[in-house]
Amino acid sequence: MRMSRFFIAAAVVVVAMGAGLTVVSRSDTADAAVVWNEEFNGAAGTGVDTSKWNFDTGGSGFGNQELEYYTSGTSNVAMDGQGHLVITARKGSGGHNDCWNGTCQFTSGRIQTAGKFTQQ
């Protein structure tokens, strides 16, 4: 009788643990919907679509003492004609002498989508 109670108790524990593991390991996935995307499939040297992208420009260091001046031109931000966006840092001030630390050492590009679309 004592052995029976032990086996029944052990069986209850095993079943309870198995059910718990089943619930924990269950992986429900919600259907995801794409709300925004950009393909960057323009011709080589093409700039970004400014209806979707903003340029951050300037040499203020953007809070972490960056040493480049961010431009809005295609010399620093352009598509490569193969579906990629290329952001290039270039040595030289590009004529910009107004970085936070004096004369800019590099130019680069910085883009964002802030204010370009809303999501519900």
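Buried means under 20% relative accessible area. By that cut-off, buried residues make up 20% of the 120 residues in the protein chain. The model is predicted.

**View 1. The whole chain holds one helix and seven strands.** From the N terminus on, the order of elements is α-β-β-β-β-β-β-β. Take the contacts between residues at least 6 apart in sequence: 58% of them join residues at least 24 apart.

**View 2. Strand S6 pairs with S2 and with S5.** S6 covers residues 106-109. Four bridges tie S6 to S2, and these two strands run parallel. Within this pairing, Thr-71 stands opposite Gly-109 of S6. Strand S5 spans residues 90-91 and joins S6 through two bridges. Here the strands run antiparallel. Arg-90 has Thr-107 in S6 as its bridge partner.

**View 3. Gly-59 sits in the loop between strands S1 and S2.** The loop links S1 (54-55) to S2 (68-71). Gly-59 has a relative accessible area of 5%. The cut-off for buried is under 20%, so Gly-59 counts as buried. Leaving out residues up to four places away in sequence, Gly-59 touches Glu-68, Tyr-69, Asp-98, Cys-99 and Trp-100. Thr-71 lies twelve residues from Gly-59 in sequence. The C-alpha to C-alpha distance of this pair is 9.1 Å.

**View 4. Glu-68 is a buried residue without a salt bridge.** Glu-68 belongs to strand S2. Arg-110 carries the nearest side chain of opposite charge, 6.4 Å away. A salt bridge needs a side-chain nitrogen of Lys or Arg within 4 Å of a carboxyl oxygen of Asp or Glu. The side chain of Glu-68 does make a polar contact of 2.6 Å with the side chain of Tyr-70. Beyond four places in sequence, Glu-68 touches Gly-58, Gly-59 and Cys-99. Its contacts also include Phe-106, Thr-107 and Ser-108.

**View 5. Six residues form the largest nonpolar core.** The members are Phe-40, Val-48, Trp-53, Val-77, Met-79 and Ile-111. In soluble globular proteins, nonpolar side chains tend to be buried together.

**View 6. Met-79, a member of the largest nonpolar core, touches residues 40 to 48 and two others.** Residues up to four places away in sequence are not counted. Among the contacts of Met-79 are the core residues Phe-40 and Val-48. Others include Asn-41, Gly-42, Ala-43, Ala-44, Gly-45, Thr-46 and Gly-47. Met-79 also touches His-84 and Leu-85.

Key
Residues numbered from 1 in each chain as written. Predicted model: local features only at pLDDT ≥ 70, side-chain atom pairs only at ≥ 80, totals over all residues. Heavy atoms only, no water. Buried < 20%, exposed > 50% of the residue type's maximum accessible area, 1.4 Å probe, protein only. Contact = heavy atoms within 4.5 Å. Core = buried A, V, L, I, M, F, W, Y, C linked by side-chain atoms within 4.5 Å. Pairing = 2+ DSSP bridges. Lys, Arg positive; Asp, Glu negative; His and termini not counted. Polar contact = N/O pair within 3.5 Å; in protein donor to acceptor, adjacent residues only side chain to side chain.
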